[in-house]
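Student: Please take a close look at a single helix and at the helices that pack around it. Which partners does it have, and how are the contacts made?

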Amino acid sequence: MGYVSDGPQITGTQINYYFVCHRKLWLFSHNIGMEHTSEAVEIGNLLHEHSYTRKRKEIQFEGIKIDFFDKNRGVINEIKKSKAIEQSHIWQLKYYIHYFKKLGIEVTGQVDYPLLRRRQAVDLTPEDEAQLEKIIGGIRSVTSAEIPPSPISRKLCKKCS
């Protein structure tokens with residue numbers, strides 16, 4: 001697993017934040033966070049706790065934290081509140097699929113949006129795997145900087161903790 005041995009373990013959250021905001025990625029990677037004060041995060045946590053309660057069994061190891069795994073179908077499921085940052089959700093899931101593949105376990109993925117009653121199937125292509133290596137390099141570049149990247153100003157930023 002090249003991305004594991006080439007430095008600190010990359011987490012699914014870091015993959016997600018890489019697409020959302022490099023500043024948030026840097027702060028998170030340096031253990032600086034304000035999520036405990038965020039109403040949006042609180043709503044997301046409640047949704048996570050109360051969705052798919054019969055199926056859901058969170059699995060966590062080595063930077064991987066999946067919401068639930070359907071072992072009968074071999075599907076990793078991630079529960080998300082909204083599609084506002086769907087690309088980050090998809091790449092986080094592709095990272096998890098890639099990670100499982102490196103362990104010799106073939107899986108697919110699915111992002112669940114219970115509030116929207118929508119699901120997005122996620123697969124991993126060889127092109128995605130090559131792109132993941134570039135993303136991981138980008139994450140290492142952002143997180144190794146001495147100071148955080150400058151803030152950005154997007155509509156999404158208004159809800160950021």
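Tutor: What follows is an account of helix α2 and its two packing contacts. This is a predicted model, in which local features need pLDDT of at least 70, side-chain atom pairs count only at pLDDT 80 or more, and totals for chains, interfaces and linings use all residues. Residues are numbered from 1 along each chain as its sequence is written, and side-chain values use heavy atoms, with hydrogens and water left out.

Helix α2 covers residues 12–20 and packs on helix α3, residues 22–29, at an angle of about 155 degrees, the axes lying 7 Å apart (helices are DSSP runs of H or I, at least four residues, numbered from the N terminus; axes are lines fitted to C-alpha atoms over the stretch in contact, and angles run from 0 to 180 degrees between N-to-C directions). That makes α2 roughly antiparallel to α3, a term for angles over 145 degrees. On the α2 side, Thr13, Gln14, Tyr17 and Tyr18 make the contact, and on the α3 side His22, Lys24, Leu25, Phe28 and Ser29 (contact means heavy atoms within 4.5 Å).

Helix α5 also packs on α2, at an angle of about 150 degrees with the axes 8 Å apart; the two are therefore roughly antiparallel. Here Gly12, Thr13, Ile15, Asn16, Phe19 and Val20 of α2 meet Gln87, Ser88, His89, Trp91, Gln92, Tyr95 and Tyr96 of α5. Within α5, 14 of the 17 residues are buried, so this helix is largely enclosed by the rest of the structure (buried means under 20% relative accessible area, with a 1.4 Å probe and protein chains only). Just after α5, Gly104 takes a positive phi of about 85 degrees.

Notes: Angles under 35 degrees count as roughly parallel, over 145 as roughly antiparallel, 65 to 115 as roughly perpendicular and the rest as oblique. Buried means under 20% relative accessible area, exposed over 50%, partly exposed in between (1.4 Å probe, protein chains only).
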